[in-house]
Amino acid sequence: MLDLLNNFQLNSLMFLIPSLFMFCCGVYGFLTRRNMIAMLISLELMLNSVDMNFVVFNRFLCPGEMEGMFFTLFAIAIAAAETAVAIAIIINAYRIAKDIDVKDLTKMKF
Amino acid sequence: MEATLPLLILVLPLLMFLFLGLFGKYLSHKWSGIIGTLGMGVTMVIAYYTAYTYFFSGDFVDAAGNRLQYVVFDQQWLSLWGDLSINLGFLLDPISALMLVVVTTISFMVHLYSNGYMRDHHGVYETGFQRFYAFLSLFSFSMLGLVVATNIFQMYIFWELVGASSYLLIGFYYTKPSAVSASKKAFIVTRFADLGFLIGILVLSYCTETFNFMSMTSSSVGEGLYHVDVTSAEGVKTMIESRAGQMFLGGSIMTWALVLIFMGGMGKSAMMPLHIWLPDAMEGPTPVSALIHAATMVVAGVYLVARLFPLFMVNELAGGAALDIVTVVGALTAAYAAIVACTQVDIKRVLAFSTISQIAFMMVSLGVSRGDVGENLGYMASMFHLFTHAMFKALLFLGAGALIHAVSSNDYTAMHGLRKHMPITHITFLIGCLAIAGIIPFSGFFSKDEILASCFGNSMVAYVWMSLVAGLTAFYMFRLYYLIFWWKEHKVHEGHHAPKDQPWTMTLPLIILGVVAIFCGLVPFSEMVTWNGHPHHAHINWTVASVSLAVSIVAIGIATLMYRKENSLPAKMRSLFPRLWQGAHHRFYFDELYMFITHKIIFNSICKPIAWFDRHIIDGTMDAFAAITNKASYAIRGLQSGNAQSYVWVYLLGALVLGGGTVAIIFLFF
Amino acid sequence: MDYSQFLAMKQEIGLLVVFLLVFLYDLFAPRYAVAGSDKKAVKGISTITVVLFALYTVYGFFCTVGDAQLVFGGMYSTTPVVATIKNILNVGVLIVLIQSMQWNASEPQIMRRAEFYELMLITLFGMYLMISARHFLLFVIGLEAASLPLAAMVAFDKNKYESHEAAVKYILTALFSSAIFMLGLSFVYGLTGTLYFDKIAEASVEGSGMLIVAMAFVMAGIGFKLSLVPFHLWTADVYQGAPTSVTSYLSVISKGATAFAFMVVMVQVFGQFYSAAWEWMLYGLIILTITVGNLFAIRQRNMKRFLAFSSVSQAGYIMLGVIGANDMSLAAMMFYILVYIFSNLAAFGVIQSIENKTGLVGMDSYRGLSKTNPRLAFAMMLAMFSLAGIPPFAGFFSKFFIFTGALNVGTTAMYVLVLIALINTIVSLYYYLLVVKAMYISDEECEIATFKSKCSERLALVITVGGIILLGIVSVVYNSLLVLTENPV
Amino acid sequence: MESLLSIMIYVVVALSIMIFSVLAVTTRKILRSATFLLFALFGTAAVYFMLGYQFLGGVQIAVYAGGIVVLFVFSILLTSHPGDNSSKLESKKKALGLIGAIAMFVVCAWSLISRCSLIKTLPDLGEAELPTMSQIGNDLLSSGSNGYLLPFEAISVLLLACIIGGIVVARKK
Amino acid sequence: MLGGLALCRNIKQIRAVAVAGSLVLIGMSVYLLLEYLALPALTHEHPMHFYDSWVWFESLNIHLAVGVDGVSIAMILLTSIIVFAGSFASWSINQPKAFFLWLILLSTGVYGFFISVDLFTMFMFYEVALIPMYLLIGVWGSGNKNYSAMKLTLMLMGGSAFLMLGLIGIYYNGPVVDGAHTWDITQIVNNGGVEKGWQYFLFPITFVGFGVLGAMFPFHTWSPDGHASAPTAVSMLHAGVLMKLGGYGCFRVAMYLMPEAAQELSWIFLILTGISVVYGAFSACVQTDLKYINAYSSVSHCGLVLFAVLMLNQTAMTGAVMQMLSHGLMTALFFALIGMIYGRTHTRDIREMGGMMKIMPYLAVCYVIAGFASLGLPGLSGFVAEMTIFVGSFQQGMSEFMAGAGSLKLVFTIVACCSIVITAVYILRVVGKLLLGPVQDKHHLELTDATWWERLSTVTLIISVAAIGCFPNFFADLIRETFSGEIFKAVL
């Protein structure tokens, strides 16, 4: 047991898998939550997981460069912008529909 | 001979047709009748002149005394495969000269006659009088074109044209449904036969590599002059070199060609089993029946076989059965028609069956014509009979027309005992009957005698068979004669005029034809019309003649016994052979058979299913494509549920399948 | 730092200048009170925008000459082809702007029209970036810049419920799609260690399922904007709900720009390795897109929704240019998009002017249009014919050329693909003819009374109809496009 | 050998990321969901710190935690009444969601694992090689290779657009 | 160049202009014919006269290439006549402006198609000719017009979809001339033709593509519905000219460019077209709608065209073109007459009509003439065409049979010959029911006979029909040249 611990080293997969798990949680949430803000929250999880992927790849595979990190940096900004617009739209829709359940916004179909 | 004059024979009727057809309605009835008749008269004169020149000028006889074929002109009309081309031309040879005379004579008589016939008793012209003359002219043109054809395709062309003009004339009373259906029937039945003719032409032209009669059967002996000579003819040589002798379905290809062509002749000449249209064709005006369905068009089949006779000869020599088929068909038809004729009520139908029977005589005559029987005596006899028959049958028909016109009915039951009311008609009709019965010295005697002699020389069976038929002929003709003119006194219904002789326009042709029918048997036919132009001197075979004469007289005697006075003998006879009588009366159910085939089988079992198949299966398939597309469109509409989450779900799955699926495919298969 | 590099971005700079001018005018220009409302609106902004943009469009044509340039460390590139593509977009945007003038003068819209123009210009800027980007970061920024403001524009019609529903659907799906896209990018980064296009292409990544998965995600991300099936489901709802100007903008400009970007990504980035893989993936997508788009379009009765599905299937045809992956295809694709812009905008122009006047967008309302408004009906018919690919209208040529380009590859698979596409043209012809039928053949009384359309609308229609008729027949256009693509620098 | 401490930190961080992610998407109270998101984001920031990207971690906390989550909270408060529970999910929908998520996980995990070259231990880097603030600043405004001047400018335009868009949409009439 | 002029004709809309325009067209066509006759015979190197070519899409080597040979001239002449007659036949149509506009667009397409030598332009004109059909039927048609118009358009466009693939395939698999592939038919032929392996793929799809328009079984079902619903002039043009585009395309593109495949694969289509001939005729026998009868008769006759083309010999192919001419004229005549009768009685059901000969003798006589032409009466055009075909096919079939090369052609020739009987049946059936017999409906007695424009229209056609029927050699010689083995490689 101790031996195992002794030989234990952090590798990239150990970060990637939780990140991926996070992404999939986000997917699950996005697919199932009916509250649109909850959907946005799930989306944040997904975006966050992507960011983490970039950082992990950067750190493990190309140490010394900063491309992944910069991508994450910008991605955070983009995520913020996305969220802002999305929330604006959702609130707007809420004003009209008095509801933020995504299921109620299905007037147009087929 | 100048080409223009014979050409006029064709051009005049054509012009008459166009003139009357296009401008007829601006002319008065009277004038269009006069113009039509005059036109035909001029044509007749020219035709006589032409025939006279041909036969008697001596320009068309070679050193050995053979009559030659003379091509007046021959113009390419449509060139086809290789050297094959359809020409339009004008061929003078014994039979075409003969036919020119026959056609123009009868046609003129009919034109003249119609002036009277196509009016009612008050002299009012029938509607469509101009049209009638236009069609008559069209028919004359087509028939003349047919007889002078230089090649088989020209013949086919005019063959079709006579069919069409026959169609138009039979259906002249187009508001009468029976006339309409009769005309349709005539056209379609002959058309069916023409299919055989056409295929026959195609086969023949493949074998001989020509359409041209001269190339097929003759050798050139000078400019425009040809001598019928099967041994040196180009077409025959080619045919023998080609594999025309190859067997195909039980006959050589050449036999097939000739039989198929003969099928065309069968249709036109109403040979059994393609005869059914002719009795119905009597729905047309009676002059038309006289012209087309007695004297001219219906003998076109005989003419066709005669025209190709050298080829039939070659075939016969090569062991082919074409001529035998002609004989058998002819013999069967002759007997059949004669029997049926004995039972008909409608006088025109009796005459129609008599025509069928007589034409069958000509066919048989051609069929039994062999080189070993007096230099193809049958050929000459056939043509001779064609000539005489045309005259006396036209006479009979015109006489019947006069009767019908007088009593306004076709049935002899409405006539009886007319001999006193219509003496001219009576006499001329009697002449006709005697002629057809073959009583010496009327024309029919000579021609029929030659035919029977020819049969006699060839086959005893045929001879006996045909003699009996000749006897039947005499019987039914005199049955008809007595039933019309004797039997009992004519009853004049109140308010009706008594029937009387018709105006001169109608009686004059009767008289003329009567005279001709008496004397035309004396024409020295054998010296003028033989298959290869070589004249030979026929003499009456008195054995045959006396036998046939005896048979005829006996038959006439029986007829006299049965029908001269009203009695119950016919009814007794009828009840003696009820089956036979019924069968004959219903023409042995040929029409019913055809009705069954065309209506039940072709129309109901082929056409309708095909139409159904087309609308429902083929079109249904096309519509099904549309329907499937539409269905698919509805089926997948759930994809667009309106819920953003389901969109995303589809999106996700799409992306995963796109990636994962591709990976799986690549790693599994490559 | 070398700021001179910005000079390579002539068109972007020009666009930003236009944007800033409009923005500043919006801020400082005099306002006037709108009748029946207590709000004030900016005067004359529409005209100014259109004029400025028209000038800019003209200016854009001068940018096509010149060498290819790769600046910012290989992050941004411009070539004559790219410049031409941007010019094509400019023309489209100009028409959209002219078409939207009338709508923007309507009551609730008039207060916010300046923002409308500004957003539109920025999305165009985002598309420029997408097209010119040679680095995925820039690409993503461009993509977002092209789609986020659009979401706001979709929601512009404040009074209309549909507009909001559409905006919600659009933003949610767009965000999800961008998340997937970025996940794919992260995989690409993980595989190659770089995000520069040329470096990715150079990196030797031997057979790897991960790359294919990454490719699929990238395709899905871009395919979302192109509305390729199965990433298209937002299209119909959004097109239907959005204000018509925005719909037309979405359907032609956004789609056109993304198509080029897609081509660049596919050919430049993934073209080197696994070309077979992405071509087959695209192959499947094309078949699906064309077929499903057509199947859905058959049933639509709302004109905008109908055109949405038609544009889905048109995207499939555009993708034929990508899969062909040669000069001829590229030129054909550019030409196709150009023609598509004109045809679709003509259709939307008619829809818009009718909607502005009567508020009707149902196909049933169009019955008998030819009797009340023959000119509009005629323009619509030409647009439909052009979209269906009927000669002698431009659509025929573009379709023919794109097929020719695709068949240049010469493989049997390509023949099959083209055959499927061709069979689908029959289906598409069917529904395009439905519109024609409604307008010309139906005998019923038309709901839409005769009216005279506004000057701006007519101008836009004249331009588009002229384009439909002339673009194909005047061969110069296509020839010059092909000359451009044949001589890539 | 890694210190036991770092292992423990890793385990804690990884577990917290995963658990909070799950909680964030499953809890029925929307406000809690936002809170769990916040914790998940903190976990991510911790990962950044662990890997030596202090600046990024700082930005993560500032922007995400400080900005976005607050935005969420505000909007939640605006749109829902306290104590509102979201209704229970239909099992069908849940199943579909699960299928989607699991499929996603399987595909991606497979592709990650199949790519052996990805599985690397943490390379040791000297302090110098980890990005410093000045380096980040320089690169951010550099126009050369690996310089991010253009994206930097571009994102400003993007943000401007989003501001305009957000205002236009959210503004009352 | 005259061909070019035919293209650039002014599109004016008024009735008079339409008539004048069509007169000018006839004049130009005749002039073209005369000019053509003055020129020397075609040779292998120059299979087209008046050849001219302008670059259009340089980069794709697309030219606006035009040129004519005897066949195209015949077709152009046919089109002119029918357009002329059609303008008269639609004298009193409503919305004449739009109608003539579309009609002329349609005929522009047709002219363009016939004079094109470049595959692209040819295809373009082909489609130009097809699409006005939709509106013409949809707007001015009658009966179930929506369905029919849609069906017709979609099926024909379906054919052209195959065609487009085929043509592009020909382009890519054709020879390279001056460093580029070419669309030019003459250049493709003179430089080695289409690559052999590809022919087996391209020939069938091209043939089917054109065959759809040629109403080849089983792609003919648009024809009955379409013709039944179309207005008079459109039926005339469509059956008279447009269906000929199919036949023309079949030999000009499919067989001319891909002779090897044509030789080897012709049997498949021979069977299909052979079926068309008889099948169409049988179907026509039981129809009760006049236009349906005619449409099926067109299927039969046009089937004969394709049938003859597939026989691959000079005579049959000449006959095919003759048949196109003949069928074009007489079917136009038929449809014109049906339109005129329908315009009076407002029914096309032959069961409800009768005795028209009494009511409208002029139209009835014309109908009989048309019927005779259709059933192949000598002196009218149908006969010469059919006979040329039959002789050609039979000789071909017999030669192959004798050479032991199978009896397919022979058998199908005989089958096709049978159509002359069936044709007679259905034609006479109609004539009997419609024109002859007693008047069925007393109201019909009040109807009038033809007006002067109707007379003019029919007379024009009848004269043309008779002209071909009486002087066939002139036309045959004109056409035959194209199908000499020297120029047309597929001909043995």
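Start at Val154(C) in this predicted model. Leaving aside residues up to four places away in sequence, Val154(C) touches Ser163(C), Ala166(C), Ala167(C) and Tyr170(C). Val238(C), Gly241(C), Ala242(C) and Val246(C) complete that list of contacts.

Val154(C) also belongs to the largest nonpolar core, which has 778 residues. Along with Ile89(A), Ala394(B), Met466(B), Ala151(C) and Leu333(E), Val154(C) touches the most other members. Which helix gives this core its largest share? That is α16 of chain B, residues 377–407, with 22 residues. In general, nonpolar side chains tend to be buried together in soluble globular proteins.

Next, turn to the contact between chains E and C. Chain E brings 25 residues and chain C brings 29. On the chain E side, β1 (49–57), α5 (119–140) and α6 (145–173) each supply at least two residues. The biggest contributor there is α6(E), with 12 residues. Sorted by class, this side of chain E holds 17 nonpolar residues, six polar and two charged.

Now move to the strands of chain B. Strand β4(B), residues 225–228, runs antiparallel to β1(B), residues 69–79, and two bridges join them. Here Leu225(B) of β4(B) faces Tyr70(B). Strand β3(B), residues 218–222, is also antiparallel to β4(B), and four bridges link the pair. One bridge partner of β4(B) is easy to locate: Val228(B) pairs with Ser218(B).

Finish at the turn. The hairpin of β3(B) and β4(B) has two residues between its strands. In this hairpin, Gly224(B) takes a positive phi near 75°.

Conventions
Residues numbered from 1 in each chain as written. Chains lettered and ligands numbered in written order. Predicted model: local features only at pLDDT ≥ 70, side-chain atom pairs only at ≥ 80, totals over all residues. Core = buried A, V, L, I, M, F, W, Y, C linked by C-beta atoms within 7 Å. Buried ≥ 20, exposed ≤ 12 C-beta atoms within 10 Å, placed from the backbone. Contact = placed C-beta atoms within 7 Å. Nonpolar A, V, L, I, M, F, W, Y, C, P; charged D, E, K, R; others polar. Pairing = 2+ DSSP bridges.
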